[in-house]
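Q: I would ask for a close look at one part of this model, the pockets, followed by the parts that supply their lining. Which residues lie nearest the centre of the largest pocket?

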Amino acid sequence: EPIRIGLGKRIDIHSGFRGKALNEAVKGSATSQHCVGEAADFNIQGYNDRKGQIAVIQWVKDKGIKFGQLLLERGCIHISLGDKMEIAEYDVETKAKKPIIEVV
């Protein structure tokens with residue numbers, strides 16, 4: 001909600017809570033926070049491309065909004081609860097994370 005209000009744009013949620021079967025079907029982690037309703041994958045109207053998504057991630061970081069993870073993943077932004085403050089690009093197939101060098 002702070003992101004929607006702050007940017008004044010519509011949020012399109014692509015994935016929120018996922019049951020075990022759906023999580024397995026989309027190759028989600030067995031410990032995914034989606035399975036306990038603590039994560040969402042989304043895009044912001046007008047920020048749907050990589051450059052826009054990185055701008056949203058930078059904005060969230062700059063505003064000091066607490067999060068566990070902010071990941072570029074499957075063409076959208078993944079956000080989860082927590083205080084780890086991890087920012088990365090995540091490849092679902094290889095399970096590899098790499099830094100998003102554009103975010104400072």
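A: The pockets are taken up below, followed by a helix, a strand and the cysteines.

This is a predicted model, in which local features need pLDDT of at least 70 and side-chain atom pairs count only at pLDDT 80 or more, while totals for chains, interfaces and linings use all residues. Residues are numbered from 1 along each chain as its sequence is written, and side-chain values use heavy atoms, with hydrogens and water left out.

A pocket here is an open set of points on a 1 Å grid over the protein atoms alone, where a 1.4 Å probe fits and protein lies on both sides within 12 Å along at least five of seven lines; its lining residues have an atom within 4 Å of a point. Volume is the space filled by probe spheres set on the points, which are joined across faces, edges and corners. Helices (H or I, at least four residues) and strands (E, at least two) are DSSP runs, numbered from the N terminus.

The largest pocket has a volume of about 320 Å³. Of its 17 lining residues, Glu1, Ile3, Ala40, Ile79 and Leu81 lie nearest the centre. At least two lining residues come from each of α1 (2–7), β1 (11–15), β2 (39–44) and β4 (76–80), and β2 gives the most, with three. The lining comprises 11 nonpolar, three polar and three charged residues; in this scheme Ala, Val, Leu, Ile, Met, Phe, Trp, Tyr, Cys and Pro count as nonpolar, Asp, Glu, Lys and Arg as charged, and the others, Gly among them, as polar.

The second largest pocket has a volume of about 270 Å³. It is lined by 18 residues, with Ser29, Ser32, Gln69, Glu73 and His78 nearest its centre. Its lining is three nonpolar, nine polar and six charged residues. Both β3 (69–73) and β4 supply at least two of them, and the largest share, three residues, is that of β3.

Ser29 and Ser32 also touch Asn23: leaving aside neighbours within four places in sequence, Asn23 is in contact (heavy atoms within 4.5 Å) with Arg18, Gly28, Ser29, Ala30, Ser32 and Cys35. Asn23 belongs to helix α2 (residues 20–25). Because its relative accessibility is 3%, Asn23 counts as buried, the limits being under 20% relative accessible area for buried, over 50% for exposed and in between for partly exposed (1.4 Å probe, protein chains only).

Several of the elements already named also cover helix α3. Its buried residues are Gly52, Gln53, Ile54, Val56, Ile57, Gln58, Trp59 and Val60, and their cover includes α1, β2, β3, β4 and β5 (86–91). The 14 residues of α3 (residues 50–63) should span 20 Å at 1.5 Å a residue, which agrees with its end C-alpha atoms being 20 Å apart; the expected span is 1.5 Å times one less than the number of residues. Just after α3, Gly64 takes a positive phi of about 75°.

The cysteines complete the picture. A search of the whole structure finds zero disulfides, a disulfide being a pair of cysteine sulfur atoms within 2.5 Å. Cys35 is in no disulfide, and the nearest cysteine sulfur, that of Cys76, is 16 Å away. Cys35 counts as partly exposed because its relative accessibility is 24%, whereas Cys76, at 6%, counts as buried.
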